[in-house]
Amino acid sequence: MNQKNLHEVDWSKIPPPVDDGAAAHLVGMVIPPITLLATDDSSVTLSTLPGRTVVFAYPRTGSPGKISLVDDWDMIPGARGCTPQTCSFRDLFAELKAAGTRQVFGLSTQDNVYQTEMASRLHLPFPVLSDEKLKLTRALNLPTMEVAGLTLIKRLALIVDDGRIAHVFYPVFPPDRNAADVLAWLKQNPR
């Protein structure tokens, strides 16, 4: 299937993910000292970041006009919507910062070269982290799915306070509402 438009999605035609309990263990966990490459060419160790950090994870963003990873990508619960989710965090970035977030990061298992192109194309004001080697994914036991021989992170968002996970949004649906949901939680739970 050709991905003509990655932004406009009729969510009523997309199967929503279900809460399989795969993220229930995350609240209260300390982020392990794992360093990931970011799209701004920095190395980021989430465990060392002071203050409040928002990390939203997704399976993989697509490229306009390119072939989908698999033909039935849209019918895999939780697969479709990575670009709308990412753009929602871009669009609410200033408000997330005003609500007390010191850092915002995207996270996927895609390689840094691809992510850097995507971050530039979407004009992201925050870096995206590559967990291509699945180090953070495995250390935190993040929920994953296997598609076309690849291990992909299921869509979620983490609120991290001084290296400890304070809140988890999982499952996330529809993806383009995730940033607004995170912002509402931040306003209700100031630090």
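This briefing describes the fold, surface and charge of one protein chain, together with one residue in its last helix. The structure is a predicted model, in which local features need pLDDT of at least 70, side-chain atom pairs count only at pLDDT 80 or more, and totals for chains, interfaces and linings use all residues. Residues are numbered from 1 along each chain as its sequence is written, and side-chain values use heavy atoms, with hydrogens and water left out.

**Fold and dimensions**
- The chain contains five helices and nine strands, taken as DSSP runs (helices H or I, at least four residues; strands E, at least two) and numbered from the N terminus.
- Their order from the N terminus is β-β-β-α-α-β-α-β-α-β-β-β-β-α.
- The radius of gyration is 15 Å, which agrees with the value near 16 Å for a compact globule of 191 residues; it is taken over C-alpha atoms, and the globule rule is 2.2 Å times the number of residues to the power 0.38.
- The C-alpha trace spans about 45 × 35 × 30 Å along its principal axes.

**Packing and surface**
- Among contacts (heavy atoms within 4.5 Å) with a separation of 6 or more, 73% join residues 24 or more positions apart.
- Buried residues (under 20% relative accessible area, 1.4 Å probe, protein chains only) make up 54% of the 191.
- About 8,700 Å² is exposed, with 53% supplied by carbon and sulfur atoms; areas come from the Shrake-Rupley method with a 1.4 Å probe.

**Residue Q188**
- Q188 belongs to helix α5 (residues 178-188) and counts as exposed because its relative accessibility is 64%, exposed being over 50%.
- The C-alpha atoms of Q188 and A99 are 9.6 Å apart, although 89 residues separate them along the chain.

**Charge**
- There are 19 positive and 20 negative side chains, with the centres of the two sets 3 Å apart.
- Lys and Arg count as positive and Asp and Glu as negative, without His and the chain ends; charges are placed at NZ of Lys, CZ of Arg, CG of Asp or CD of Glu.
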